[in-house]
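Work through the exercises below with the sequence and model open. Try each task before reading its solution.

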Amino acid sequence: MFDLGFSELMVIALVALVVIGPERLPRVARTMGHLAGRLQRYVADVKADINREVELDELRKMRDSMQSAASDMESSFKEEVNKTESELNAAAEGKAEAQVSSPPETAGSIEEKQNA
């Protein structure tokens, strides 16, 4: 985040020693350490929350795409079933019409055909 080298840290420590004083400097340093730790934990929590939200959004998008794919598959399956059903009904009607238009052969008519 910040690019501080060793020389910059030494200058900051020297200024802090002069301004704060040698008696209060350890207590201030400890307090600053605690605050820096809290800040790091807060930043880590915020990053984790953002990552969770991004993952949740990706999962929602994936769920929506899967649902649309499933509904597309279902509609195509229903279309194929309806098409096959109509073809079978048409074939059954054609067979029924063929049986109605030609009378069934009896034993006598079969014998006549064989003798002829």
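**Exercise 1.** Find the partner of R63 in a salt bridge, and give the N to O distance.

Solution. In this predicted model, R63 pairs with D64. Their closest N and O atoms are 3.4 Å apart. The cut-off is 4 Å, so the pair qualifies. Now check exposure. R63 has a relative accessible area of 48%, and D64 has 41%. Both values fall between 20% and 50%, so R63 and D64 count as partly exposed.

**Exercise 2.** Examine the salt bridges of D49 and of K61. How far apart in sequence are the partners in each?

Solution. Start with D49. Its side chain meets that of R52 at 3.0 Å, N to O. Both residues lie in helix α2, three residues apart, about one turn of the helix. D49 is partly exposed at 37%, while R52 is exposed at 51%.

Next, K61. Its partner is D57, at 3.8 Å, N to O. These two also lie in α2, four residues apart, again about one turn. K61 is exposed at 56%; D57 is partly exposed at 37%. The full count is four salt bridges.

**Exercise 3.** Describe the largest pocket: which residues line it, and of what class are they?

Solution. List the lining: A16, I20, L25, V28, A29 and M32. Assign elements: α1 (6-20) and α2 (25-101) each give two or more residues. The most come from α2, with four. Sort by class: six are nonpolar, none polar, none charged. The pocket holds about 200 Å³ of space.

**Exercise 4.** What is the fold pattern along the chain?

Solution. Count three helices and zero strands. The order reads α-α-α. Of the 116 residues, 2% count as buried.

Methods
Residues numbered from 1 in each chain as written. Predicted model: local features only at pLDDT ≥ 70, side-chain atom pairs only at ≥ 80, totals over all residues. Heavy atoms only, no water. 1 Å grid on protein atoms, 1.4 Å probe; cavity = no way out; pocket = protein on both sides within 12 Å on 5 of 7 lines; lining within 4 Å. Points joined across faces, edges and corners; volume = space filled by probe spheres on them. Nonpolar A, V, L, I, M, F, W, Y, C, P; charged D, E, K, R; others polar. Buried < 20%, exposed > 50% of the residue type's maximum accessible area, 1.4 Å probe, protein only.
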